[in-house]
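Subject: Structure handover

Hello,

Here is the structure you are taking over, with the sequence alongside. My notes on it follow below.

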Amino acid sequence: MTQETKNSILIIGGGLIGLSIAYEFARNNFKVLVLSKNRNESAGFVAAGMLATHAEGLEDELLKFGQESQILIPKWIKSIEQDSSIKCGLKQCGIVVPFKKEADLKEFPTYKYGKYLDQKDLQTEINGINPIWECGLLFEQDGQIDNRRRLMRALERACSLHGVQFQEGSEVKDLIVEKNKITGAKVLCATGEVKRINCEKAILCSGAWSKKIFNKIPVFPVKGQMLSIQGPTHFLRRVIFGPKTYLVPRDDGLIVVGATVEKDSKFNQGNTPKGIKKLQEGILSLLPEAINWPQMEHWWGFRPCTPDLQPILGKSEIENLFLATGHYRNGVLFSAITSNLLFKLVQNKSLKETEKNFLKKFSLDRFKI
Ligand SMILES: Cc1cc2nc3c(=O)[nH]c(=O)nc-3n(C[C@H](O)[C@H](O)[C@H](O)COP(=O)(O)OP(=O)(O)OC[C@H]3O[C@@H](n4cnc5c(N)ncnc54)[C@H](O)[C@@H]3O)c2cc1C
């Protein structure tokens, strides 16, 4: 094993959460090294980019976490855009959740945050929506970011310009822990060489793969398959969030269609005929005429899921090893608040009561028996 110099903050995983945290530290003049096994497999390049705090029907602390993040996002994105010179496609376009029965609508967890739409309103909001939907809720406060084509690249560029060092193709095989303190990581490099990388503090942000590095983290992959179709520009203004499928319209008429939720997928790669069929059925059920629009791409990825579907954030039992993983279906939404919170925690800065509550609620300790 060869020896490398010390780095102030070591980020393990260069996906959406890793980049968001790296950016936060780097713009505050920290020396940051990001070890990334494979940037292209990151769920950050897969997600639909919805900021769907209310449309997802989040509840309790998770709802507050999403709402707080939505407050931070505009300023955070502006800073990334200014630093990177890349527009991220942030839009508060509103998300419509359609229902077949009024009773279902009234039971929706975030019902009180939405605007009620009867069938006529629904058809005004969503040109061409399937008449099987009787009513809907419009969450005007929800929106989207173009993570796949813009945000991830913007973050990478902003990080680089702030001096973040990236080691792509570097897989952390083991954490090196001495006297309950992380002192480094054993890394398999793209060259096949195994190196020791020293560190003062590390943050584990390895998404769906986190358990492979730190066995105590109960994160597992939930595969999602996606495709995109090209619609007429501005045909769809709002996101439609159906029970099984959603349609996310970008400004250029591209519509991102997602996503399957495959809980037993393990890390099985690739799109499947069954997965694509489900998405096509979803398109038909929401917006029938869109089934004739040209399909552009299809792709897949792995959501980092935990047993209670909530993230794992904060300290670990190893001193100087911090955790930011398990963001499941809402990592894009939660990226701003996660980076902000982790920066404060690692720096021992004073935290607001709400922030303390988040750390308590999302601590790894909740899984201890
Ligand atoms: C189909 C789908 C649709 C989604 N849609 C939305 C949405 O609309 N809105 C929303 O808010 N969220 C959405 N998400 C969720 C969001 O994408 C994730 O929560 C988020 O990307 C998680 O970020 P992460 O950095 O933890 O993981 P990732 O972005 O997956 O990054 C993890 C990175 O860690 C690296 N890594 C793993 N192991 C190692 C190792 N040993 N050494 C070094 N590096 C390692 C990986 O190579 C990877 O690049 C969606 C996810 C999927 C899959």
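V177 is a place to begin: this residue sits in strand 10, which covers residues 171-178. Helices (H or I, at least four residues) and strands (E, at least two) are DSSP runs, numbered from the N terminus. Please keep in mind that this is a predicted model, in which local features need pLDDT of at least 70 and side-chain atom pairs count only at pLDDT 80 or more, while totals for chains, interfaces and linings use all residues. Residues are numbered from 1 along each chain as its sequence is written, and side-chain values use heavy atoms, with hydrogens and water left out.

With a relative accessible area of 37%, V177 is partly exposed. In these notes buried means under 20% relative accessible area, exposed means over 50%, and partly exposed is in between (1.4 Å probe, protein chains only). Apart from neighbours within four places in sequence, V177 is in contact with I182 and I318, where contact means heavy atoms within 4.5 Å. Between the C-alpha atoms of V177 and S350, which are 173 residues apart along the chain, the separation is 27 Å.

Salt bridges

Side chains of opposite charge can pair when their charged atoms come close. A salt bridge here is a side-chain nitrogen of Lys or Arg within 4 Å of a carboxyl oxygen of Asp or Glu. The whole structure has 24 salt bridges.

Strand 10 also holds E171 and K173, whose side chains form a salt bridge at 3.5 Å, N to O. Both ends are partly exposed, E171 with a relative accessible area of 26% and K173 with 42%. Elsewhere, D146, R149, R150, R250 and D252 are joined into one network by salt bridges that share partners. Within that network, R149 and D146 meet at 3.0 Å, N to O. R149 is partly exposed at 35% relative accessible area, whereas D146 is buried at 3%.

Another salt bridge links the side chains of R148 and E297 at 2.9 Å, N to O. R148 belongs to helix 5 (residues 147-161) and E297 to strand 17 (residues 295-305), so this pair ties together parts that are 149 residues apart in sequence. E297 is partly exposed, with a relative accessible area of 39%.

Helix 5 and the cysteines

Which residues of helix 5 are buried? They are N147, R148, L151, M152, A154, L155, E156, A158 and C159. An α-helix has 3.6 residues a turn, so residues three or four places apart point the same way. The cover over the buried residues of helix 5 includes helix 1 (16-26), helix 2 (60-84), strand 9 (165-168), strand 17 and helix 8 (331-346). After helix 5 comes G163, which has a positive phi, near 95°.

The disulfide count is 0, taking a disulfide as a pair of cysteine sulfur atoms within 2.5 Å. C159 is in no disulfide, and the nearest cysteine sulfur, that of C205, is 11 Å away. C159 is buried at 0% relative accessibility, and C135 is buried with a relative accessible area of 1%.

The sheet

One open sheet has 8 strands in the order 6-7-5-14-15-16-13-17, with mixed pairing. Two strands pair if DSSP finds at least two bridges between them. Strand 6 (115-117) and strand 17 are the edge strands, each pairing on one side only. From one strand to the next the twist averages 25°. For angles, axes are lines fitted to C-alpha atoms, for helices over the stretch in contact, and angles run from 0 to 180 degrees between N-to-C directions.

Strand 14 (residues 239-241) and strand 15 (residues 246-249) run antiparallel and are joined by 2 bridges. F241 has Y246 in strand 15 as its bridge partner. Helix 7 (residues 273-286) lies across several strands, including strand 5 (95-99), strand 13 (220-230) and strand 16 (254-258), and runs at about 55° to strand 13.

A loop residue

N320 is in the loop between strand 18 (312-315) and strand 19 (321-325). N320 is buried, with a relative accessible area of 16%. Leaving out residues up to four places away in sequence, N320 touches K181, I182, E200, K201 and A202. I182 is also one of the contacts of V177. The side chain of N320 reaches the backbone oxygen of E200 at 3.4 Å.

Regards

Definitions and conventions
A polar contact is a pair of N or O atoms within 3.5 Å; within protein, one must be able to donate a hydrogen and the other to accept it, and residues adjacent in sequence count only if both atoms are side-chain atoms.
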